[in-house]
Every structure is written in structure tokens, then in C-alpha cells.
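Opened a fresh notebook page for this one. I want the fold first, then a handful of residues.

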Amino acid sequence: YSEGSYDRVEKPWGYFETLMETNTSKIKLLYVLPGERLSLQKHKHRSETWHVVRGAAKVTKNKKSFIMETGDSVIIEKNQLHRLENSGDIPLQVIEVQTGSYFGEDDIIRLEDSYGRVDLH
């Protein structure tokens with residue numbers, strides 16, 4: 001583990017950086033541009049906790065949507081449908097803590113996506 005050498009993965013909605021990864025957890029910084037959103041998705045092998053560190057997030061969890069602001073957090077359980085959107089006019093930054101048995105990007109089941117990635121992993 002070395003600080004400052006994070007891998008940045010560019011996404012249509014912004015980017016994420018993996019801050020830490022172990023056998024049982026993974027921590028990411030999600031950087032979501034204003035007006036953008038991640039796909040409506042779920043995971044079989046991990047739960048996630050989102051903690052907003054900058055901006056305003058519209059969170060969809062199962063059939064409910066709500067706004068989270070700096071300092072707010074939410075737990076997304078395994079197999080819960082979820083989506084993160086930037087509902088503000090500044091970049092949204094969220095720390096995502098994943099816990100579970102597997103953290104690969106192929107454990108993303110996309111049900112709806114603004115960028116045509118429903119069948120992609």
C-alpha cells in the first residue's frame with residue numbers, strides 16, 4: 001500500500017480511484033461530474049457504504065430515492081438495487097467502502113444505464 005499512487009479509472013460519469021484493497025474490503029473515491037449518474041445496478045458478492053465528502057448526491061436504493069449531502073452516509077446491502085447521481089452543480093465526491101468476498105468490476109449487474117452499458121461489465 002503506497003499513498004499517492006492511486007489508479008484512476010475514467011468512466012463516462014467521471015472517474016474512480018481505488019484508495020485501498022485487501023482480501024475483505026476495497027475503498028474507492030467516486031468522482032461524479034455534475035448532472036451525471038452511475039448505472040442502476042446491484043452486486044452479488046459485496047455490500048457498499050457510501051459517504052459523501054463533497055457535493056450533493058441523489059441516491060436510489062431499491063425503490064426509494066433521497067438526497068445525501070456532505071457528511072451523510074448510506075449502506076447498500078448485497079443484491080440491493082442502487083444508483084448514485086450527482087444532483088448538484090459541483091463535482092460529487094463519495095468514499096465507497098466495499099466489504100464482501102469479491103470486488104471485481106464484473107460483479108456489477110446493470111439494469112439501466114445512461115451510457116449504453118447495460119450488457120457490459
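Before I list any neighbours: contact here means heavy atoms within 4.5 Å. I also note that this is a predicted model.

**Entry 1: one strand 10 residue**

I started with Val 97, which is found in strand 10. Leaving out residues up to four places away in sequence, I found that Val 97 touches Lys 26, Ile 27, Ser 47, Glu 48 and Thr 49. Is Val 97 buried, partly exposed or exposed? I get a relative accessible area of 30%, and buried would need under 20%, so Val 97 goes down as partly exposed. I also looked up its separation from Glu 17: the two are 80 residues apart in sequence, and their C-alpha atoms are 12 Å apart in space.

**Entry 2: what strand 10 pairs with**

Next I checked the partners of strand 10. Strand 3, residues 25-32, pairs with strand 10, residues 92-100, in the antiparallel sense over eight bridges. In that pairing I picked out Tyr 31, whose bridge partner in strand 10 is Gln 93. Strand 5, residues 46-54, also runs antiparallel to strand 10, and eight bridges join them. Here I noted Thr 49, which has Val 97 as its bridge partner. Thr 49 is also on the list of residues that Val 97 touches.

**Entry 3: Ser 47**

I stayed in strand 5 for Ser 47. Its relative accessible area is 14%; the cut-off for buried is under 20%, so Ser 47 is buried. What does Ser 47 contact, neighbours within four places in sequence aside? I find Ile 76, Glu 77 and Lys 78, plus Val 97, Gln 98 and Thr 99.

**Entry 4: the loop between strands 8 and 9**

Then I moved to Gln 80, in the loop between strand 8 (73-76) and strand 9 (82-86). Gln 80 is buried, at 16% relative accessible area. Setting aside neighbours within four places in sequence, I have Gln 80 in contact with Gln 41, Lys 42, Lys 61, Asn 62 and Ile 75. For Asn 62 I took the C-alpha separation too: 5.9 Å from Gln 80, with their positions 18 residues apart along the chain.

Asn 79 lies in the loop between strand 8 and strand 9 as well. Asn 79 counts as partly exposed, at 46% relative accessibility.

**Entry 5: backbone angles**

Most residues other than glycine have a negative phi. Which way does phi go for Asn 79? Positive, at about 70°, although Asn 79 is not a glycine. Asn 62 also has a positive phi, near 55°. I placed Asn 62 in the loop between strand 6 (56-61) and strand 7 (64-69), and at 38% relative accessibility I call it partly exposed.

**Entry 6: the whole chain**

Last, I stepped back to the overall numbers. How many helices and strands are there? I count zero helices and eleven strands. The radius of gyration is 13 Å, close to the 14 Å from the globule rule for 121 residues, so the protein is as compact as a globular protein of that length. Along the principal axes, its C-alpha atoms fill a box of roughly 35 × 30 × 25 Å. Buried residues make up 42% of the 121.

For contacts between residues at least 6 apart in sequence, I have 66% joining residues at least 24 apart. The exposed area is about 6600 Å², with 49% of it from carbon and sulfur atoms. I also looked at charge: there are 17 positive and 19 negative charges, and their mean positions are 6 Å apart.

Note on methods
Residues are numbered from 1 along each chain as its sequence is written. This is a predicted model: local features need pLDDT of at least 70, side-chain atom pairs count only at pLDDT 80 or more; totals for chains, interfaces and linings use all residues. Side-chain values use heavy atoms; hydrogens and water are left out. Helices (H or I, at least four residues) and strands (E, at least two) are DSSP runs, numbered from the N terminus. The radius of gyration is taken over C-alpha atoms; the globule rule is 2.2 Å times the number of residues to the power 0.38. Buried means under 20% relative accessible area, exposed over 50%, partly exposed in between (1.4 Å probe, protein chains only). Accessible areas come from the Shrake-Rupley method with a 1.4 Å probe; for residues, only the protein chains shown count as cover. Lys and Arg count as positive and Asp and Glu as negative; His and the chain ends are not counted. The place of a charge is taken as NZ of Lys, CZ of Arg, CG of Asp or CD of Glu. Two strands pair if DSSP finds at least two bridges between them.
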